Amino acid sequence: MQETELKLELSEAGASSFLKQNPFDCSPTILRQRSVYFDTGEWDLFKRGLSLRIRRCGNERIQTIKSGDGSAAASFTRAEWERPVPDDSLILDDPEAEALLAGASNNLAPVFEVHVKRHRWRLTESDATIEVALDFGKVVAADRQAPLWEIELEMKTGSPTVLFALARKINLIAPAYIGVLSKSERGYRLLGPLPGATKASVTALTPDMNAATAFVHIAAACLKQFRVNEMALSWSRHADALHQTRVSLRRLRSLFSICKSMFNDSRFDHLREELRWLASALGRARNIDVMIKHASDEELSNRLQAARSTAYGAVEAALSSARARSLMIDAAEWISMKDWRSDESGRALRVQPARSFASTVLDKLWKKVARGGDSLIDLDDETRHELRITIKKLRYAAEFFGPLYMSKAEAKRHKRFITAMEGLQDQLGSLNDLATAPDLLSELDLSAVAGAEDLVSAADKEKLLEDAAEAHDTFVDTKRFWR
């Protein structure tokens, strides 16, 4: 069967406030649940995108296999297989279960547990029936545990758009964030290293996908990267978490820019503007982090640290704002509901093979970078910054669409191409840091502080320009993996 579900994450205070207000016309049913999750010692099920659990509620035990764990943020429909079992022992004699768990069924053992107190309502909204579950609980793995406060909105009948309308209502009552981690993913995160900054992962694309489907998968992965780094940033003001939060927004904005010819939708344009706002809200804090790494004078470093504290406070305010929370709900709905598929404008691009669309995009961006960097040393700062933006788009496009080019030769060329792009991007990034430093130092009233002049050295710029020109030559000479 198929499960259509939207998760919302709350704080402990938010969950308690929501329960106290109880915006529904009925009292909730209260259930206590204990779920035991199983896997092999090598996490074979997790690697296949599966979860396997036995959930006990009262005297009833249900064994469930779900597919799609670890999937991207905007994938709200998952397949699941359920059956009652008499105790906490697995029963895997069903042909479908045997096929899903092939090669792993003889090595399964409990790996972690989830304990929740569930408050459940069953609602009728328009022509839809929705089950709302507010969970207070914890995830327990070995000697670690993590608290859990979340709302699950499960569609029983009707259109999934009602889920998002209800999510917006909940967000007005208690701050609610799109949930991108299943309970099983939370357990696996506890088994591994403590969660920190998360880099973008490869999005699974296949040659039979059309351009629109590839877009949905990539966009959803960007949303997930944003949310997991936003969570890490809420726990600790770590520079890497902030950086990866910004990277996820840049990747999503670049994807929207790359694919804008597919869409003629005012909501798409609105999302682009809102993503630009949110990305810019994180910019100052990141620029200060970069300066701190290069500051050698103690007074300058101390004053930059004070400015950093203020800037991170502004970041936290922006990320926790109703505007940012609404943006992520809107983005998740727009990506996952795909109403834009019915628009005839851009349809020819959306239905073409993803690989054909990708090759056209990559060719166009490659030409702009190749030509734009011909006289890189002589470019003014603004033109060089525009070139840098195009280079980012090409780098991200190469990463997005790389899985579509997976022959042995293509994979080797892809690896070399990304390495060349990284070298060029690093050099131009350092030049941009140098170009923006004077204005930022002036805004922070630090221009006259000892050591500030070292952050804007002309000698450094000359060397960086030479290195950037050399990196551009290397890039041009690197064989394109898509041709």
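**Exercise 1. Decide whether His 119 is buried or exposed in this predicted model, and find what surrounds it.**

Solution. Begin with the accessible area: His 119 has a relative accessible area of 5%, and because buried means under 20%, His 119 counts as buried. Next, place the residue in the fold, where His 119 belongs to strand S6, a strand that runs over 109-125. Finally, list the neighbours, leaving out residues up to four places away in sequence: His 119 touches Leu 19, Pro 28, Thr 29 and Ile 30, and also Val 132, Ala 133, Leu 134 and Phe 136.

**Exercise 2. Work out how the buried residues of helix H1 are arranged, and what covers them.**

Solution. The first step is to name the residues: within H1, which spans residues 12-21, Gly 14, Ala 15 and Phe 18 are buried. Looking down the axis of H1, one finds these buried residues within an arc of 100°, so they line one face of the helix. The second step is to turn to the face that points away from the buried side, which carries the exposed residues Ala 13 and Lys 20. The third step is to ask what lies over the buried residues of H1, and the cover includes strands S6 (109-125), S7 (128-141) and S8 (144-157) together with helix H4 (161-173). To finish, follow the chain just past the helix, where Asn 22 takes a positive phi of about 40°.

**Exercise 3. Determine how H4 and H11 are oriented to each other, and which residues meet.**

Solution. Start from the geometry: H4 and H11 pack with their axes 10 Å apart and at an angle of about 175°. Since angles over 145 degrees count as roughly antiparallel, H4 and H11 are therefore roughly antiparallel to each other. Then assign the contact residues, which in H4 are Thr 161, Phe 164, Ala 167, Arg 168 and Asn 171, and which in H11 include Ile 329, Ala 332 and Met 337. One of these H11 residues, Ala 332, deserves a separate look: Ala 332 lies in the helix spanning residues 322-337 and is buried, with a relative accessible area of 1%. As a last step, compare sequence with space, where Ala 332 and Asp 378 are 46 residues apart in sequence and 43 Å apart from C-alpha to C-alpha.

**Exercise 4. Repeat the orientation analysis for H7 and H14.**

Solution. The axes of H7 and H14, the latter covering residues 381-401, come within 9 Å and cross at roughly 90°. Because 65 to 115 degrees counts as roughly perpendicular, H7 and H14 are roughly perpendicular to each other. The contact draws on residues of H7, among them Val 247, Arg 250, Arg 251 and Leu 255, and on residues of H14, among them Lys 392, Tyr 396, Phe 400 and Phe 401.

**Exercise 5. Characterise Asp 265, a residue of the loop between helix H7 and helix H8.**

Solution. Helix H7 covers 239-258 and helix H8 covers 266-281, with Asp 265 in the loop between them. With a relative accessible area of 12%, Asp 265 is buried. A polar atom of the Asp 265 side chain lies 2.8 Å from the backbone nitrogen of Arg 267, and, once residues up to four places away in sequence are set aside, Asp 265 touches Trp 334 and Trp 340.

**Exercise 6. Describe three further loop residues, Gly 49, Ala 142 and Asp 445.**

Solution. Gly 49 sits in the loop between helix H2 (44-47) and strand S3 (50-57), is buried at 14% relative accessible area, and has its C-alpha 5.7 Å from that of Ser 67, 18 residues apart in sequence. Ala 142, in the loop between S7 and S8, has a positive phi of about 55° although it is not a glycine, and at 72% relative accessibility Ala 142 counts as exposed. Asp 445, found between helix H15 (408-443) and helix H16 (458-477), has a positive phi of about 60° and is likewise not a glycine; its relative accessible area of 59% makes Asp 445 exposed.

**Exercise 7. Find where pLDDT stays under 50, and decide how to treat that stretch.**

Solution. Over the chain, the mean pLDDT is 92, and 97% of the residues reach 70 or more. Over residues 69-74, however, pLDDT stays under 50, and the model has 22 contacts beyond four places in sequence for this stretch. Where pLDDT is low, the predicted coordinates should not be read in detail.

Note on methods
Residues are numbered from 1 along each chain as its sequence is written. This is a predicted model: local features need pLDDT of at least 70, side-chain atom pairs count only at pLDDT 80 or more; totals for chains, interfaces and linings use all residues. Side-chain values use heavy atoms; hydrogens and water are left out. Helices (H or I, at least four residues) and strands (E, at least two) are DSSP runs, numbered from the N terminus. Buried means under 20% relative accessible area, exposed over 50%, partly exposed in between (1.4 Å probe, protein chains only). A polar contact is a pair of N or O atoms within 3.5 Å; within protein, one must be able to donate a hydrogen and the other to accept it, and residues adjacent in sequence count only if both atoms are side-chain atoms. Contact means heavy atoms within 4.5 Å. The arc is that of the directions from the helix axis to the C-beta atoms. pLDDT is the predictor's confidence in each residue, from 0 to 100. Axes are lines fitted to C-alpha atoms, for helices over the stretch in contact, and angles run from 0 to 180 degrees between N-to-C directions. Angles under 35 degrees count as roughly parallel, over 145 as roughly antiparallel, 65 to 115 as roughly perpendicular and the rest as oblique.
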